[in-house]
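Visitor: Hello! I am new to reading protein models, and I would like a guided tour in questions and answers. Could you show me one?

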Amino acid sequence: MATEMGNAPSALNAKISNQSGFQVRYCPEGVHFFDRRSGWNLLLEEVETATASWARAPRYMSIALTNACELSCPYCYAAKEPARQRADQVVQWAKELDANGGLGVGFGGGEPTLFPAFAELCQSVHSETNLAVTFTTHGHRFTEELVESLSGSVDFIRLSMDGVGSTYERLRGRSFDQFRSQLNLIRRTTGFGINMVLNSETISDLPDAADFAFSEGAQELLLLPETGVDGELTCDPKTLSRAANWVSENQARVRLATSDHAVAALGVPRLPIASSDGSFDFMHLDARGVLKFGAFERQGRQLEQGDSLLVAIEALRNTRSAPTHA
Ligand code: SF4
């Protein structure tokens, strides 16, 4: 029998979160419990939630901290004009997400480890919220000092590696041996996964890249068919077909994921707990402070210092036919 919850959602959220360490998200699908340390999710679908209790923050927010990066990967879609966030403002916005049912933030760029006081930012967000803190990196800036300062303040690292050996070196312009030795630092920080861009130059490396990733301790391989600056799939059909065949033969053996718009093409299952309003699982804040539904969107809502992120989220959602709060 369905149970009604959510008459006093904020108070109940705070009580459960404080006592259990779980983040709790009320949504149209039920009550979602999330543990950032393990990545554990539990959705109580039988629980009927009141509309007024539904999370006002997206489940996950990616935040580009800076557009700066010292690499020049040929398929990079990151904006090139100089821009970066302010750390105190990011912490403030993270608190808003935390208080309104958000489950995690993912820092990116550019290269997020180029952001001044990056480790201190992760520490602040992790200690002042229950959000999972993750980031995407090329991995070459890891040092003993960075490992020490990030440990305990980051829940997952997404490491970009588009192929192995000479393929990696040609595309990333860095030594693959150096990348491999950086993994010794990265895996001491927290759990990590590998992000791999798929295109005609990398597809032949997919089996070796997967073997390498999981033998080195990766927990997940995120397959990203190449996209253009507008987010359209630019990966050619032959590459997609080869990737889909490999996925069908290997997905029982290794943990795979892909971007939302490539789920159908690759046959990788969607997130096990996805909202019925998929557009609200995820939002992106670019390095200029423009809030968007995704990193590839051209249009968004500009935030200024001191603006409420929640107000901007609701204003942006109202531009689409998304569920609104009663
Ligand atoms: S490492 Fe990432 S941000 Fe830097 S150039 Fe390559 S794809 Fe772009």
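What follows is a conversation about this predicted model.

Visitor: Thanks! How many helices and strands are there in the protein chain?
Guide: Welcome! This is a predicted model, so we are talking about computed features. Counting along the protein chain gives 10 helices and 15 strands.

Visitor: What percentage of the residues in the protein chain count as buried?
Guide: A residue counts as buried when its relative accessible area is under 20%. The protein chain has 326 residues, and the share of them that is buried comes to 54%.

Visitor: How much area does the protein chain expose, and what part of it comes from carbon and sulfur atoms?
Guide: The exposed area of the protein chain is about 14800 Å². Carbon and sulfur atoms supply a share of that area equal to 50%.

Visitor: Now the strands, please. In what order do the 10 strands of the open sheet sit?
Guide: The pairing in this open sheet is mixed, and the order is E12-E11-E10-E9-E8-E7-E6-E13-E14-E15. Two of its strands pair on one side only, which makes them the edge strands. They are E12 (256-258) and E15 (301-302).

Visitor: Do E6 and E7 pair in the parallel or the antiparallel sense, and which residue stands opposite Met61 in E7?
Guide: Strand E6 covers residues 60-64 and strand E7 covers residues 104-108. Five bridges hold this pair together, in the parallel sense. Opposite Met61, in E7, stands Val105.

Visitor: How many bridges join E7 to E8, and which residue in E8 is the bridge partner of Phe107?
Guide: E7 and E8 run parallel, joined by four bridges. Strand E8 (residues 132-137) is mostly covered, with five of its six residues buried. The bridge partner of Phe107 in E8 is Phe135.

Visitor: Which residues touch the most other members of the largest nonpolar core?
Guide: That core has 68 residues. One of the residues you ask about is Met61, and leaving aside neighbours within four places in sequence, its contacts include Leu97, Val105, Met283 and Ile313. The full answer for the core is Met61, Phe107 and Leu291.

Visitor: Let's go to another strand. Why is E2 described as largely enclosed by the rest of the structure?
Guide: Look at both faces of E2: Gln23, Arg25 and Cys27 are buried on one side, and Val24 and Tyr26 are buried on the other. E2 (residues 23-27) is largely enclosed because the number of its residues that are buried is five of five.

Visitor: How many residues lie between E2 and E3 in their hairpin, and which residue in E3 is the bridge partner of Arg25?
Guide: E2 and E3 pair in the antiparallel sense over five bridges. The hairpin they form has two residues between the strands. In E3, Arg25 has as its bridge partner His32.

Visitor: Is Asp35 buried or exposed, and which side chain does it join in a polar contact?
Guide: Asp35 lies in strand E3 (residues 30-35). Its relative accessibility is 9%, so Asp35 counts as buried. Not counting residues up to four places away in sequence, Asp35 touches Phe22 and Trp40. The polar contact, at 3.1 Å, joins the side chain of Asp35 to that of Arg37.

Visitor: Where does Glu216 lie, and which side chain makes a polar contact with its side chain?
Guide: Glu216 is in the loop between helix H7 (206-215) and strand E11 (221-225). Glu216 is buried because its relative accessible area is 16%. Among its contacts beyond four places in sequence are Arg180, Leu183 and Phe192. At 2.5 Å, the polar contact of the Glu216 side chain is with Arg187.

Visitor: How many disulfides are found in the whole structure?
Guide: Let's look at two cysteines along the way. Cys122 is buried with a relative accessible area of 0%, and Cys235 is buried at 7%. The number of disulfides found by a search of the whole structure is zero.

Visitor: Last one! How many Å apart in space are Arg317 and Lys292, C-alpha to C-alpha?
Guide: Arg317 lies in helix H10 (residues 309-317), and Arg317 is buried, with a relative accessible area of 7%. In sequence, Arg317 and Lys292 are 25 residues apart. In space, their C-alpha to C-alpha separation is 9.6 Å.

Key
Residues numbered from 1 in each chain as written. Predicted model: local features only at pLDDT ≥ 70, side-chain atom pairs only at ≥ 80, totals over all residues. Heavy atoms only, no water. Buried < 20%, exposed > 50% of the residue type's maximum accessible area, 1.4 Å probe, protein only. Polar contact = N/O pair within 3.5 Å; in protein donor to acceptor, adjacent residues only side chain to side chain. Contact = heavy atoms within 4.5 Å. Core = buried A, V, L, I, M, F, W, Y, C linked by side-chain atoms within 4.5 Å. Disulfide = S-S within 2.5 Å. Pairing = 2+ DSSP bridges. Areas by Shrake-Rupley, 256 points an atom, 1.4 Å probe, with all protein chains shown as cover.
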